[in-house]
Amino acid sequence: MDRLKAAECFGDFLKLGLGRPEQLEGYHQIRYSLHVAPNTRLIIEPNATEDTIMICTEIEVEGVSDYHGSKENWYIP
């Protein structure tokens, strides 16, 4: 969380590769997961479009989930 806050934009955070960020598919909005532990992901939603994702300066934390493809078990929704 500290690294997300410290980054000037989402692109800067992605370049660090912390938490192995992965874009999730199947959602209306762009969502990424960050590995917190082997089976636990922090799910975030950048306030951006595909064109502005790298310069995005706002994200929303959706929660912490046990995420495996289409299966989601939320620890913190």
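This report walks through a predicted model, from its core out to its surface.

## The nonpolar core

Let's begin on the inside. The largest nonpolar core has 13 residues, and the members that touch the most others are Leu4, Phe10, Tyr32, Leu34, Leu42, Ile44 and Ile53. Three elements each bring at least two residues to this core: helix H2 (10–16), strand S2 (31–37) and strand S3 (40–46). Which element gives the most? That is H2, with three residues.

Tyr32 is a good residue to click on. Setting aside its neighbours within four places in sequence, Tyr32 is in contact with Phe10, Leu14, Pro21, Glu22, Gln23, Leu24, Leu42, Ile43, Ile44, Pro46 and Ile53. Some of those names should ring a bell: Phe10, Leu42, Ile44 and Ile53 were in the list of core residues above.

## A salt-bridge network around Arg31

Now for some charged side chains. How many salt bridges does the structure hold? There are two. In one of them, the side chains of Glu45 and Arg31 meet, with N to O at 3.1 Å. This pair ties together distant parts of the chain, since Glu45 sits in strand S3 and Arg31 in strand S2, 14 residues apart.

Arg31 also forms a salt bridge with Glu62, and here the closest N and O atoms are 3.2 Å apart. Again the link joins distant parts of the chain: Arg31 is in strand S2 and Glu62 is in strand S4, 31 residues apart. Because the salt bridges share partners, Arg31, Glu45 and Glu62 end up in one network.

Are these three residues buried or exposed? Arg31 counts as buried, at 14% relative accessibility. Glu45 is buried too, with a relative accessible area of 16%, and so is Glu62, at 18%. The cut-off behind that label is under 20% relative accessible area.

## Two cysteines, no disulfide

Next, a quick chemistry reminder. A disulfide is a covalent bond between the sulfur atoms of two cysteines. How many disulfides are there in this model? The count comes to zero. Cys9 is in no disulfide, and the nearest cysteine sulfur, that of Cys56, is 8.4 Å away.

Why doesn't Cys56 bond with Cys9? The closest cysteine sulfur to that of Cys56 is in Cys9, and 8.4 Å is too far for a bond. To count as a disulfide, the two sulfur atoms would have to be within 2.5 Å. Both cysteines are tucked away from the surface by the numbers: Cys9 counts as buried at 16% relative accessibility, and Cys56 is buried with a relative accessible area of 5%.

## Out on the surface

Not every nonpolar side chain is hidden. Met1, Ile59 and Val61 make a nonpolar surface patch of about 250 Å². Val61 belongs to strand S4, which covers residues 59–68. Is Val61 buried or partly exposed? With 39% relative accessibility, Val61 counts as partly exposed.

## An unusual backbone angle

One last stop, this time on the backbone. Most residues other than glycine have a negative phi. Arg20 goes the other way: it is not a glycine, yet it has a positive phi of about 45°. Where is Arg20? You'll find Arg20 in the loop between H2 and strand S1 (22–24). At 55% relative accessibility, Arg20 counts as exposed.

Definitions and conventions. Residues are numbered from 1 along each chain as its sequence is written. This is a predicted model: local features need pLDDT of at least 70, side-chain atom pairs count only at pLDDT 80 or more; totals for chains, interfaces and linings use all residues. Side-chain values use heavy atoms; hydrogens and water are left out. Buried means under 20% relative accessible area, exposed over 50%, partly exposed in between (1.4 Å probe, protein chains only). Patches are made of residues with over 30% relative accessible area and no salt bridge: like charges are joined within 9 Å, nonpolar side chains (Val, Leu, Ile, Met, Phe, Trp, Tyr) within 5 Å. Accessible areas come from the Shrake-Rupley method with a 1.4 Å probe; for residues, only the protein chains shown count as cover. A salt bridge is a side-chain nitrogen of Lys or Arg within 4 Å of a carboxyl oxygen of Asp or Glu. Helices (H or I, at least four residues) and strands (E, at least two) are DSSP runs, numbered from the N terminus. A nonpolar core is a set of buried Ala, Val, Leu, Ile, Met, Phe, Trp, Tyr and Cys residues joined through side-chain atoms within 4.5 Å. Contact means heavy atoms within 4.5 Å.
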